[in-house]
Amino acid sequence: MTSLPLGPLMIDIAGTALTDLDRERLCHPLVGGIILFSRNFADVAQLTALTAEIHALRSPQLLIAVDHEGGRVQRFREGFTRLPAMRLLGQLYDRDVPAALGAAQAVGLVLAAELRACGVDYAFTPVLDLDYGPSRVIGDRAFHRDPAVVVALAQALSEGLAAGGMGTCGKHFPGHGFVIPDSHVELPVDPRALPDMAEDLQPYRDLRLDGVMAAHVIYTCTDCNTAVFSKIWLDYLRGPLGFKGVIFTDDLSMAGAGVVGDMLARVETAYAAGCDMLLVCNAPEAVASVLAQWHPTVDPLRTARIEALAGRTGLPVDAARLAAAQARVQALSAA
């Protein structure tokens, strides 16, 4: 096992098992985490073996993360409880507040406990974007249009995550729900003035979050760069909003990240703006280029934040409590 501080890059792998090249890259000093996708999953036993091998590579252990929100964004399915789209929780809230809060807490517990049992440390959830309606990428991933409801449901979900031994990651800061384009394939521009974004920012003001993922959206009221590359926005998150945790970029391979140039320019600009962990996904050639050409002065404070998140230990979850939560989540998903 290599003893090495965690670096600022989060990368991915192609298959269900590590290759020699994967091991070499995951032991590079600039790497601090790995994000898993559906292509990396065959079954629970395979996933558990894969995460164990990844964790055994380094000390401190690499942060293993996944997009596992529920609904259409759930990377692992066979052997996992089907999680509902978050909009279903918002709709339940409109009918029965206590039931919705209980269901949200159950979703968080099931999500965290099932992932932690397989060696996955962290899920990029909850989505805090407001459900304005026309967004091509957010849609039913959002809890609700009302920020107070989003805060209430996200808090309940976070309590469930914590009970399962997992931290939170609010996304996509400062808000992706208002714009229509999908930043995976386009560059969205939000023309609103800062006062008009007060509702979008309320969840980040009211919730205690372990991580925040910044959006590939340009907000013309403040900057000509997307939030990922904007020191103005990230300083606002750290300053007036008081955020102390890890700032993640959204995937730097997305079309919305192309505003600053090639991948080397993207990682340099995001790190200079204040992002702690930079995601480079689905671009193995770009990973090779960055590992060879990027020579940053790594900020020890940012490293410490990443290592604190990666070092969070899983909690033993009472089997009866987990079974009851799984039954509740299954009923909601099937409704």
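**Close-up 1. Helices α4 and α5 meet along a shared face in this predicted model.** On the α4 side, the residues that make contact are Ala100, Leu101, Ala104, Gln105, Val107, Gly108, Leu109, Leu111 and Ala112. Facing them from α5 are Ala152, Leu153, Ala156, Leu157, Glu159, Gly160, Leu161 and Ala163. What classes of residue make up the contact of α4 with α5? There are 13 nonpolar, three polar and one charged residues.

**Close-up 2. Here is how α4 and α5 pack.** Two numbers help when you look at a pair of packed helices: the angle between their axes and the distance between the axes. Helix α4 covers residues 97-117, and helix α5 covers residues 147-163. Their axes are 6 Å apart and the packing angle is about 35 degrees. Left-handed or right-handed: which word describes the crossing of α4 and α5? The crossing is right-handed.

**Close-up 3. Three strands line up in an open sheet.** Strands in a sheet are paired by backbone hydrogen bonds, in either a parallel or an antiparallel way. If you follow the strands across this sheet, the order is β9-β11-β13, and the pairing is parallel. Which strands stand at the edges? They are β9 (169-173) and β13 (246-249). Each edge strand has a single partner strand, so one side of each is left without a neighbour in the sheet. From one strand to the next, the twist averages 25 degrees.

**Close-up 4. Strand β9 pairs with strand β11.** Strand β11 spans residues 211-214 and runs parallel to β9. How many bridges join these two strands? There are four bridges. To find a bridge yourself, look for Phe173, whose partner in β11 is Ala214. Strand β9 also holds His172, and the peptide bond leading from Lys171 to His172 is cis, with omega near 5 degrees.

**Close-up 5. A cis peptide bond joins Thr125 and Pro126.** For this bond, omega is about 15 degrees. Where does Pro126 lie? Look in the loop between β8 (122-123) and α5.

**Close-up 6. Asn282 has a positive phi.** Its phi is near 55 degrees, and Asn282 is a residue other than glycine. You will find Asn282 in the loop between β14 (278-279) and α9 (284-293). How exposed is Asn282, and what is its relative accessible area? The value is 46%, and because partly exposed covers the range between 20% and 50%, Asn282 counts as partly exposed.

Note on methods:
Residues numbered from 1 in each chain as written. Predicted model: local features only at pLDDT ≥ 70, side-chain atom pairs only at ≥ 80, totals over all residues. Heavy atoms only, no water. Axes fitted to C-alpha atoms, helices over the stretch in contact; angles between N-to-C directions. Left-handed = near helix turned anticlockwise from the far one by under 90°. Contact = heavy atoms within 4.5 Å. Nonpolar A, V, L, I, M, F, W, Y, C, P; charged D, E, K, R; others polar. Pairing = 2+ DSSP bridges. Buried < 20%, exposed > 50% of the residue type's maximum accessible area, 1.4 Å probe, protein only.
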